[in-house]
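Here is a short briefing on selected parts of one protein model. Have the sequence and the 3D view open as you read.

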Amino acid sequence: MRRVTFSRNYTLSLSRTCRCYCKYCAFATHRPHLYEPREVERRLDEAVRRKGKELLVLTGEAPDEHPEVLERLRSFGHDDFLGYVVWACERALERGLLPHTNLGVLDRDDLARLRQVTASQGLMLESISERLMETVHAGSPTKHPRERLRTIETAGELRVPFTSGILVGIGETPDERIASLEALAEVNGRHGHLQEVIIQNFVPHGRYYGRDVAAIAEEAAKRRWRDGSPVVSGDADLPEWATPVTLDDMKELVAAARELMPEVGVQVPPNLSDWWVELVEAGATDLGGLSANGDHISPEEPFPSPHEVRKALAPRGYALTERLCAYGRYLDPDWIDQGVLDVVKLNYWSFIPRGASGRRRERPPAPEIAPRAIAKGRDGIALSDEELRALFAEVRPEVIGEMRVAADELRAELAGDVATFVVNRNINFTNVCVVGCAFCGFGQSRRSPDAYHVDVDEFERRVAEAVEFGATEICMQGGIHPDYTLEHYGRWLRLAKDIAPEIHLHAYSPMEIHYMCERSGRSPEAVFDHLIGQGLGSTPGTAAEVLDDGVRTRISPNKLPVGRWVEIIEACHRSGLRSTSTVMFGHIEEPSELARHMRVVRELQERTGGITEFVPLSFIPYNTLLGRTHGIEEISAPDNLKHTAAFRLALGRTIPNLQASWVKMGLDAATESLRWGVNDLGGTLMEENISRMAGSRHGVRLEPGQLIAAARAAGRAPAQRTTLYEIVETY
């Protein structure tokens, strides 16, 4: 699954007065236009009410060259228009809105002034063609490509996160389009400040003389977001100076932009044509700001709503994900003024990439702590919270290499050179769930079109299929269904045992056990006694996520707290059952919070000895609330492996088996993880809906032969095991 991003923005057309006379522009006016301060603040409050994160400040070029605009500015207490823009941005920041300004050609001083109050800035190059100065840009000296490139270059020198792009179909030739992209790539090659390049097709409009384009845009947006009114692009005739633009033209430009600037986002407007989905398929990565108050440049072409876009993308395997106006890699003091960055940290800290500067104000560990922790972990000695934090926070390649070696040596000591797997089948019997975790793409409300409930016949068929496949285990988990009682859970166990009396039933997370306790009024011990009588063989230690109540409150406030999770796992062990243990990492958690998780798991195991394995589960963000609206990206493979080694060292000799989840990280990464402390490759699964519905792209079933081959590729002796790690067969 691939992410396609957008910004949840609100547009403020502070002044439409412009010194330019571009023939294609319906936004600009040469009459005095300027919002007064009271109206600006009203619109900022409206932006907050509409859940905007970005304030897009659009203006004509140099409106204060108009004497009446300048007179109004002075009556507001500002010497120039830029001072008024700065004031508006300051008011936006006070409300938690991140300003992105697009004011036209600016000099160094003006760009620097704006840098203090904006998260990003922008200026369309439009075209490198000087010929257009005699046609569509006649009378508009600041549309000369030399002037525009000077502004874009200066922004790079000032380290301003910047958006630029080209306007396609205003009389330029195909070669000039490519040359325009090449010019942007050249500037970006010197400074690296272009976060995205817009490839925008020209759409002819009527004239809006004397009319409020903001009101037109907002009304059009209301109609579309309310009833899905179609885009009206193309109603006006194409001017004689314009050139027709085809889908193939746009695809060629998307491909060229990706080739010339592989690290730069490629944005296509989803409101100016019905071909935007095809452009995503061709490589476009971003849809710009899906502004709830419309497109003020093309006011009769409203943006589709995020819901409409998500419905169009999901069947094609794309996940629509929010971003901020400044892309994640620029959320750093080197690129953004500290005052603006403080607003990001306060309101949108989850958008700051993992490991970046100041995500949650955790002070970096002293450099000598991680090497000390590695040595202690290799010897099986319990690590302090600070030592654990240092392992998870480590970024130095040479120290991470030492971590890998130590974890691999500890693995060899505890598990030898055998890589195990289990032939099993997952059955997720329902995804109807009332809990509502922000990290989950699996759970659905009863009325959701994606909700399901497996009937008895289908359940029995799946159990029989598992037996035929040679499975020794059935793993069963489901959503927290509002109608379920303890008897429902017991019935699934009995049905499975009736068909396959010898199969091991590994079932029901601590959250499900907690729910059974609530519904039945019984203690965890009594619930386990009942389930054992129905055939339960062991319990998955899922629903752990991160065993820190602060994290749990943020990502799953309705889930059981840490103390209750521990209580249920201990009750499981007292009842004579074994359990696994897990962690879900790579989302909003910080190294210190992972440290607390590992301390809880290790101390629990030291008390009971009932945990058979530890399973790190990297977060899959694509179809989850955290991924869609909080900017969480999937953890990288190197970072995943580093965490894997840290988990092994954190556990010491307490839990001998460390499993890689191939459905989360992919079989190639799982194979590589056998060098990072892992000794088990998990199961064949046969089906898996929790990761799949979150957007995992690694499949839901493996054959035993694939796991055997993976073990051999890592130089290990493959072996099939049972749930409780008894060897069934070696290969």
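The buried residues of helix H27 are covered by several elements, including strand E11, helix H24 (662-665), helix H25 (667-673), strand E18 and strand E19. The model is predicted. The points below start at H27, move to the sheet, and end at a histidine elsewhere in the chain.

**Helix H27**

- H27 spans residues 704-713, and its buried residues are Leu707, Ile708, Ala710 and Ala711.
- These residues lie on the same side of H27, because they cover an arc of only 160° around the axis.
- In an α-helix, residues three or four places apart point the same way, because there are 3.6 residues a turn.
- Gly715 comes just after H27 and has a positive phi of about 80°.

**The sheet**

- Three of the names in the cover of H27, namely E11, E18 and E19, return here as strands of one open sheet.
- This sheet has 4 strands, in the order E18-E11-E19-E20, and its pairing is mixed.
- Which strands stand at the edges? They are E18 (680-683) and E20 (727-730).
- Each edge strand has a single partner strand, so one side of each lacks a neighbour in the sheet.
- On average, neighbouring strands of this sheet are turned by 25° against each other, direction ignored.
- Strands of a sheet pair through backbone hydrogen bonds, in either a parallel or an antiparallel way.

**Strand E11 and its partners**

- Is E11 mostly covered or mostly open? It is mostly covered, with 4 of its 5 residues buried.
- E11 (residues 418-422) pairs with E19 (residues 717-721) in the parallel sense, over 5 bridges.
- Within that pairing, Val418 stands opposite Ala717, and Ala419 stands opposite Pro718.
- E11 also pairs with E18 in the parallel sense, over 2 bridges.
- On the E18 side, Gly683 is the bridge partner of Val422.

**His137**

- Where is His137 found? It sits in the loop between strand E5 (120-122) and helix H5 (145-157).
- His137 has a relative accessible area of 2%. It therefore counts as buried, since the cut-off is under 20%.
- The side chains of His137 and Tyr24 are joined by a polar contact of 2.9 Å.
- Leaving aside residues up to four places away in sequence, His137 touches Cys22, Tyr24, Glu126, Leu132, Lys143 and Ile170.
- Tyr24 thus appears twice for His137: as a polar contact partner and in the list of residues touched.

Note on methods: Residues are numbered from 1 along each chain as its sequence is written. This is a predicted model: local features need pLDDT of at least 70, side-chain atom pairs count only at pLDDT 80 or more; totals for chains, interfaces and linings use all residues. Side-chain values use heavy atoms; hydrogens and water are left out. Buried means under 20% relative accessible area, exposed over 50%, partly exposed in between (1.4 Å probe, protein chains only). A polar contact is a pair of N or O atoms within 3.5 Å; within protein, one must be able to donate a hydrogen and the other to accept it, and residues adjacent in sequence count only if both atoms are side-chain atoms. Contact means heavy atoms within 4.5 Å. Two strands pair if DSSP finds at least two bridges between them. Axes are lines fitted to C-alpha atoms, for helices over the stretch in contact, and angles run from 0 to 180 degrees between N-to-C directions. The arc is that of the directions from the helix axis to the C-beta atoms.
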